[in-house]
Amino acid sequence: MINSTQIIRHASLVTRHASPNIQNHNLMSLLDLFFPRICYGCKKPLYVHEYLLCDYCRFNLPVTNFHNTQNNEVEQIFYGRVYVEKATSFIFFKKHSSTQSLLHYLKYKGKSELAVYLGKIAGKELKLFYSDIDLIIPVPLHPKKLKLRGYNQSEMISKGLSRELQKPISTNNLIKKEHTETQTRKNKYSRYLNIKDKFDVINHIDIENKHVLIVDDVLTTGATLESCISELLKYNVKVSVFTLGFAK
Ligand SMILES: [Zn+2]
């Protein structure tokens, strides 16, 4: 039975005399033949030059372009609840669509590299919009949940954003102090009660007088973000919001 190590060894023998780029390309082609990589949007096999998303899905992401509109739909969600400087979501999240597939892979199927990649794509688009922020803070997971999932998807999205925006990330200052039940099957008010006062700032000196960008994966009712933001606002900070998906 042939395995991936044997294939890689064979491919490097075959391509030993080619230039490093051609070697990599040949190796990828051979690996794709035996272990086809799929697009996490449409699940079709990827071509050698494609990474995580096929060209079609990459260039047809259902972007919201909310950042081009003042008082956009994301900002409106927080009206009368908490004050945010500016807010946007990158793509529309629709059930039974390629965006649902993307979010599912990056959140539940361990594809943290997809979260980083999408964060980078968003960061490229939003460089100007978020040019005045000082610090990125991902919505934290409770340590129990983090252990279970292995990574925090919002932190991975933040990593990609951080690379493009050239702003630092803080992952250990805002913490989730209590494990809460999943929000997915709750209505708006129950979500609010379930998550209210569940976050703490550990070291307020590090955030005081700063403009913080809080990052989450998908925006639905905004209850989790509201809870994080009201905690941050206790310390004389300005808060803006980014979410990768916007649930319709
Ligand atoms: Zn695709």
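**Packing of helices and strands in the predicted model**

The buried residues of helix α5 are covered by elements that include α3 (55-59), β1 (87-93), α6, α8 (153-165), β5 (211-219) and β6 (238-247). The model examined here is predicted. Helix α5 comprises residues 98-108, and its buried residues are Ser98, Thr99, Leu102, Leu103, Tyr105, Leu106 and Lys107. After α5 comes Gly110, which has a positive phi, near 75°.

The protein chain contains 10 helices and 6 strands. It has 248 residues, of which 35% count as buried. Among contacts in the protein chain with a separation of 6 or more, 69% are between residues 24 or more positions apart.

Helices α5 and α6 pack against each other with their axes 7 Å apart, at an angle of about 125°. This angle makes α5 oblique to α6. On the α5 side the contact is made by Leu102, Tyr105 and Leu106, and on the α6 side by Ser112, Leu114, Ala115 and Leu118. Sorted by class, the residues of this contact are 6 nonpolar and 1 polar, with no charged residues. The three contact residues from α5, namely Leu102, Tyr105 and Leu106, are listed among the buried residues of that helix.

The largest nonpolar core holds 50 residues, and the members that touch the most others are Leu114, Ile214 and Leu232. Helix α6 (residues 112-125) supplies the largest share of this core, with 6 residues. Leu114 also takes part in the contact of α6 with α5. For Ile214, contacts beyond four places in sequence are made with Ile137, Val139, Leu225, Cys228, Ile229, Leu232, Val239 and Val241. Of these partners, Leu225, Cys228, Ile229 and Leu232 are buried residues of helix α10.

Helix α10 spans residues 223-232 and is mostly covered, with 8 of its 10 residues buried. Besides the four contacts of Ile214 just named, the buried residues of α10 include Ala223, Thr224, Glu226 and Ser227.

Helix α8 is largely enclosed by the rest of the structure, because 11 of its 13 residues are buried. These are Gln153, Ser154, Glu155, Met156, Ile157, Ser158, Lys159, Gly160, Leu161, Ser162 and Leu165. The elements against which they pack are α5, α6, β2 (135-138), β5 and β6. The length of the helix was also compared with expectation: at 1.5 Å a residue, the 13 residues of α8 should span 18 Å, and the C-alpha atoms at its ends are 18 Å apart, in agreement. Gln166 follows α8 and has a positive phi, near 60°.

Two neighbouring positions of strand β5 were examined in turn. Val212 lies in this strand and is buried, since 25 other C-beta atoms lie within 10 Å. Outside its neighbours within four places in sequence, Val212 is in contact with Leu135, Ile137, Ile207, Leu232, Val237 and Val239. Leu232, one of these partners, is also among the core residues that touch the most other members. The C-alpha atom of Val212 is 9.7 Å from that of Ser170, a residue 42 positions away along the chain.

Leu213 also has its place in strand β5. With 28 C-beta neighbours inside 10 Å, Leu213 counts as buried. Its contacts, apart from neighbours within four places in sequence, are Tyr130, Ile133, Ile136, Ser240 and Phe242. Leu213 and Ser240 are 27 residues apart along the chain, and their C-alpha atoms are separated by 4.8 Å.

Most residues other than glycine have a negative phi. Positive values in residues other than glycine are found at Lys43, where phi is near 70°, and at Leu52, where phi is near 65°. Lys43 is located in the loop between α2 (20-34) and α3, and Leu52 has its place in the loop between α2 and α3 as well. Their surroundings were assessed by counting C-beta atoms. Lys43 is exposed, because 12 other C-beta atoms lie within 10 Å. Leu52 has 21 C-beta neighbours inside 10 Å and therefore counts as buried.

Terms used
Residues are numbered from 1 along each chain as its sequence is written. This is a predicted model: local features need pLDDT of at least 70, side-chain atom pairs count only at pLDDT 80 or more; totals for chains, interfaces and linings use all residues. A nonpolar core is a set of buried Ala, Val, Leu, Ile, Met, Phe, Trp, Tyr and Cys residues joined through C-beta atoms within 7 Å. A residue is buried if 20 or more other C-beta atoms lie within 10 Å of its own, exposed if 12 or fewer, and partly exposed in between; C-beta atoms are placed from the backbone. Helices (H or I, at least four residues) and strands (E, at least two) are DSSP runs, numbered from the N terminus. Two residues are in contact if their C-beta atoms, placed from the backbone, lie within 7 Å. The expected span of a helix is 1.5 Å times one less than its number of residues. Axes are lines fitted to C-alpha atoms, for helices over the stretch in contact, and angles run from 0 to 180 degrees between N-to-C directions. Angles under 35 degrees count as roughly parallel, over 145 as roughly antiparallel, 65 to 115 as roughly perpendicular and the rest as oblique. Ala, Val, Leu, Ile, Met, Phe, Trp, Tyr, Cys and Pro count as nonpolar, Asp, Glu, Lys and Arg as charged, and the others, Gly among them, as polar.
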